Structure formats: C-alpha cells, structure tokens
Amino acid sequence: MFPMPVLMIATYGENNKVDVMNMAWGGICAENMVALNIDENHKTTENIKKRGVFTLSIADIPHLDESDFFGIASGNKMEDKFERTHMHAKKSIRVDAPIIEEYPITLECKVVEFQHTVYGFRVLGEILNVVADENVLDERGKVDPTKINAFVFDQFQNGYYKIGEKVGHAWKNGVKYM
Ligand SMILES: Cc1cc2nc3c(=O)[nH]c(=O)nc-3n(C[C@H](O)[C@H](O)[C@H](O)COP(=O)(O)O)c2cc1C
C-alpha cells in the first residue's frame with residue numbers, strides 16, 4: 001500500500017518514562033476513532049494496556065531521523081530511548097500520556113477496546129482532543145496541510161516521501177461528471 005502514514009504513538013511507562021514508537025499500520029477508522037495495529041511485545045503496547053491512553057502525532061520532516069529511530073529502538077531494551085533524541089515532552093491535560101512538543105499535530109486518545117484477533121492485536125482509541133501548533137493553522141484557524149511538513153512511508157522500498165502540495169479539492173473535482 002502507498003502511501004502509509006508516519007504516526008508517532010506516545011505513552012508513559014513506569015515512573016512516567018516517556019516512550020514513542022513509529023506506526024504505519026494505524027489510522028482513522030471512524031470520525032472520532034483511531035485504530036492501532038500493534039505488536040503485543042512493544043513497550044508501547046504494555047504502556048497502553050496499563051494506562052488506557054496514548055497520544056498520536058503526525059511526524060514532520062524536521063524530525064524524520066528521530067521519528068525513524070522511534071521505529072528502530074524499543075523502550076523494552078533501551079532505557080533512554082526518548083532522551084537520546086533530545087526532543088521534549090509535556091503531560092497532556094486530558095489524558096495521562098505525553099505530548100511530544102516538536103510534532104505539529106497531536107491527537108489525545110483513550111482506549112475504548114482491545115481487540116485480540118487471529119489476525120493480530122488492535123487497539124481502538126477515541127479521539128478526545130486535537131492539539132495543533134499555531135504555525136500550521138491558516139488565517140481561519142484551520143489546519144493547513146501544506147504547513148505540516150508531513151511525510152509518508154512507502155512499504156514497497158521502505159522509503160519516506162515528502163507530501164504537501166495541494167492538487168485538488170475533495171467532493172469538488174469530480175462534480176463535472178455528475
Ligand atoms: C516505518 C515504520 C513503521 C512501523 N509501523 C509499525 C506498526 O504499524 N505497528 C507495530 O506494531 N510496529 C511498527 N513499527 C515497529 C515499531 O515502531 C518498533 O518495533 C519500535 O521499536 C517499538 O518501540 P517500543 O517497544 O518502544 O514501543 C514500525 C517501524 C517503522 C520503522
């Protein structure tokens with residue numbers, strides 16, 4: 001599949017230790033819900049099971065190296081995984097999970113269901129709130145995707161690709177064929 005998102009799932013572990021992991025197999029599954037297809041052995045999974053909450057950020061190009069690192073290293077094996085990146089975290093006021101300050105957009109989520117299936121493990125989360133940096137908003141206060149500096153994951157060759165140029169308008173470009 002292409003494109004795949006580059007999502008950063010942030011949680012607290014023991015002693016409020018921040019952990020962040022890179023996730024491509026996740027995304028929106030209903031208007032106010034996200035689904036995380038996640039390996040049960042990850043530190044992130046253990047943290048989510050214990051606290052029932054997480055945040056989900058959109059990774060941006062200025063933090064591509066750190067974001068990739070969050071997908072290579074595990075909090076299970078590396079005590080200072082988050083600290084090594086020198087990124088900054090603050091506690092969300094809505095959920096007991098960290099917000100990584102450098103990422104432009106963060107969803108604050110609470111778990112509504114753990115799904116153990118023969119096809120794998122899935123976490124369903126309800127989006128309680130969305131936090132956005134002011135510098136990614138347009139003059140009307142809406143998120144302007146061209147300002148996010150987002151990138152996507154390519155599952156064919158393991159590449160990361162820049163996105164952001166607007167090429168059309170949903171529900172309008174096709175109207176001429178109606
Ligand atoms: C591009 C990319 C995408 C990934 N997507 C997922 C995913 O969707 N689900 C998953 O369980 N692991 C995924 N991973 C692997 C985890 O991010 C990785 O195992 C990480 O070390 C887990 O960290 P933790 O143990 O500290 O939670 C991905 C890794 C990369 C590099």
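1. Overall size first. In this predicted model, the protein chain has a radius of gyration of 17 Å, which agrees with the value near 16 Å that a compact globule of 178 residues would have. Along the principal axes, the C-alpha atoms fill a box of roughly 55 × 40 × 35 Å.

2. Now the fold. The protein chain holds two helices and 11 strands, and reading along the sequence gives the pattern β-β-β-β-α-β-α-β-β-β-β-β-β.

3. On packing, 31% of the 178 residues count as buried. If you take the contacts between residues at least 6 apart in sequence, 60% of them join residues at least 24 apart.

4. You will probably want to look at the ligand next. There are 21 residues around the ligand, and Trp25, Thr44, Gly71, Ser74 and Gly75 come nearest. Two elements, S2 and helix H1 (43-51), give two or more residues each to this shell. With four residues, S2 gives the most.

5. As for the chemistry of that shell, sorting by class gives nine polar, seven nonpolar and five charged residues around the ligand.

6. Finally, a residue to click on: Asn16. You will find Asn16 in the loop that runs between strand S1 (7-12) and strand S2 (18-23). Is Asn16 buried or exposed? Asn16 counts as exposed because it has 10 C-beta neighbours inside 10 Å, and the cut-off for exposed is 12 or fewer. Asn47 lies 31 residues from Asn16 along the chain, and their C-alpha atoms are separated by 10.0 Å.

Terms used: Residues numbered from 1 in each chain as written. Predicted model: local features only at pLDDT ≥ 70, side-chain atom pairs only at ≥ 80, totals over all residues. Buried ≥ 20, exposed ≤ 12 C-beta atoms within 10 Å, placed from the backbone. Rg over C-alpha atoms; globule rule 2.2 N^0.38 Å. Contact = placed C-beta atoms within 7 Å. Near = placed C-beta within 6 Å. Nonpolar A, V, L, I, M, F, W, Y, C, P; charged D, E, K, R; others polar.
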